[in-house]
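Good morning, colleagues. I would ask you to turn to the display, and I shall then take you through a sheet, a cavity and two single residues.

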Amino acid sequence: MSEPPSSSSKEAIARLREFGYGFDDSGILRKVDPVTGELGTEPYQFKISENHAENKEHYEKLANQIPEIIYELLELNGLKRTYIPLNMPIERATFVFTQPQPLLQSKKLLVLIHGSGFVLAGQWARKLIINNSLDHGTQLPYIKRAQELGYDILVTNTNDTERFIKNKYIPIKGVSDPLSHAAYVWEHIIMPSNPESVAIVAHSYGATVTKYLTEKYIDFFKEKVFAIALTDGIIGYPPASCKEYINDVACNWASSREPLDTNLRKEDCSDDYRCVSAGHPEHEWSSYSAMESIFNYFEEKYEKRVRAQKATSQ
């Protein structure tokens, strides 16, 4: 990042306007009509010159305005920030989003873990946000569906690991990489809140983060985490201590030209846990295209968990 990001949604929207764009009421990025000053119907255009480096720089500067806009949308949908590390000055801290805030003894808790790179809290894929719509590229559809189904929610922010202070980026102490960030959230927010049951959606590198958490907190996972949905993510070969557990609770919705939910076990997946088609051949689309199937999977797994608990209590 060559310049500090916007510090508020209002600032981000203003900067987006300077680039000649804005999101319409449907969440689609549109060009501003130079005559009327209002949003028109033309979509985002990557090519602004014959110089690819210039086009890429323009894209990155525009994309840097997205996080604050998404943060405000998360808050408008009822989520609130929890700053971490705890007791760190806000200007030197990062944050996650939860509903409620604070979490406490959730009956069902949904944890959303994005991939690597520049995506931050509430995002699955910048490419889809910019070229398609907010619904296609953000976690908002997952959040709204989870709210309908009675889940409490935690939105991670594992790529937010540094702060722009005195004209340079400084790592945030204790959460300076995605794995330490996720572990801190697990130890200081999720585990102390004592949820009854937990489901996870993890996209791309988020699967690696999930594997790390599973191995580190295996007793908690075996007791509480009833389903793990990966969207084009690979856990690989977990150690024997958690292999049977992961095979039982995890499913990977992999990018594929096959119809949604087609079994890919013998074709494209090398792991032992369940692997099905996400219903789209492109990696970035996997979370959006697989959402309905994922929530069906969660409901089935949760009902199975409830039945098992009732059987053991009798």
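Strand β4, residues 80-84, pairs with β5 in the antiparallel sense over 5 bridges. Pairing here requires that DSSP finds at least two bridges between two strands. Helices (H or I, at least four residues) and strands (E, at least two) are DSSP runs, numbered from the N terminus. Before going further, I should say that this is a predicted model: local features need pLDDT of at least 70, side-chain atom pairs count only at pLDDT 80 or more, and totals for chains, interfaces and linings use all residues. Residues are numbered from 1 along each chain as its sequence is written, and side-chain values use heavy atoms, with hydrogens and water left out.

Let us stay with β5. The bridge partner of K80 in this strand is T98. T98 also stands opposite L154 in β7. Strand β7, residues 152-155, runs antiparallel to β5, and 3 bridges join the two. Within β7, I153 is the bridge partner of Q99. How many residues of β5 are buried? Strand β5 covers residues 94-99, and 5 of its 6 residues are buried. Buried means under 20% relative accessible area, exposed means over 50%, and partly exposed lies in between, for a 1.4 Å probe and protein chains only.

Now the sheet as a whole. It is an open sheet of 8 strands with mixed pairing, in the order β4-β5-β7-β6-β10-β11-β12-β13. Its edge strands are β4 and β13 (274-277), each of which pairs on one side only. On average, neighbouring strands of this sheet are turned by 20° against each other, direction ignored. Helix α3, residues 66-76, packs on the sheet and touches β4 and β5, and its direction makes about 30° with that of β5. Contact means heavy atoms within 4.5 Å. Axes are lines fitted to C-alpha atoms, for helices over the stretch in contact, and angles run from 0 to 180 degrees between N-to-C directions. Helix α10, residues 240-249, lies across β11 (225-231) and β12 (250-254), running at about 70° to β11.

I turn to enclosed space. A cavity is a set of points, on a 1 Å grid over the protein atoms alone, where a 1.4 Å probe fits but cannot get out; lining residues have an atom within 4 Å of a point. The count comes to 1 cavity of 30 Å³ or more. Which residues line the largest cavity? They are W124, D135, H136, T138, P141, Y142, S287, Y288 and M291. Helix α11 (286-313) gives the most to this lining, with 3 residues, while α5 (134-137) and α6 (140-148) each supply at least two.

Finally, two single residues. Is N55 buried or exposed? N55 counts as buried because its relative accessibility is 4%. N55 belongs to helix α2, residues 52-63. Apart from its neighbours within four places in sequence, N55 is in contact with F46, K47, I48 and S49. S26, by contrast, is exposed, with a relative accessible area of 53%. S26 sits in the loop between β1 (21-23) and β2 (29-32). From C-alpha to C-alpha, S26 and D177 are 34 Å apart in space, and 151 residues separate them in sequence.

Key. 1 Å grid on protein atoms, 1.4 Å probe; cavity = no way out; pocket = protein on both sides within 12 Å on 5 of 7 lines; lining within 4 Å. Points joined across faces, edges and corners; volume = space filled by probe spheres on them.
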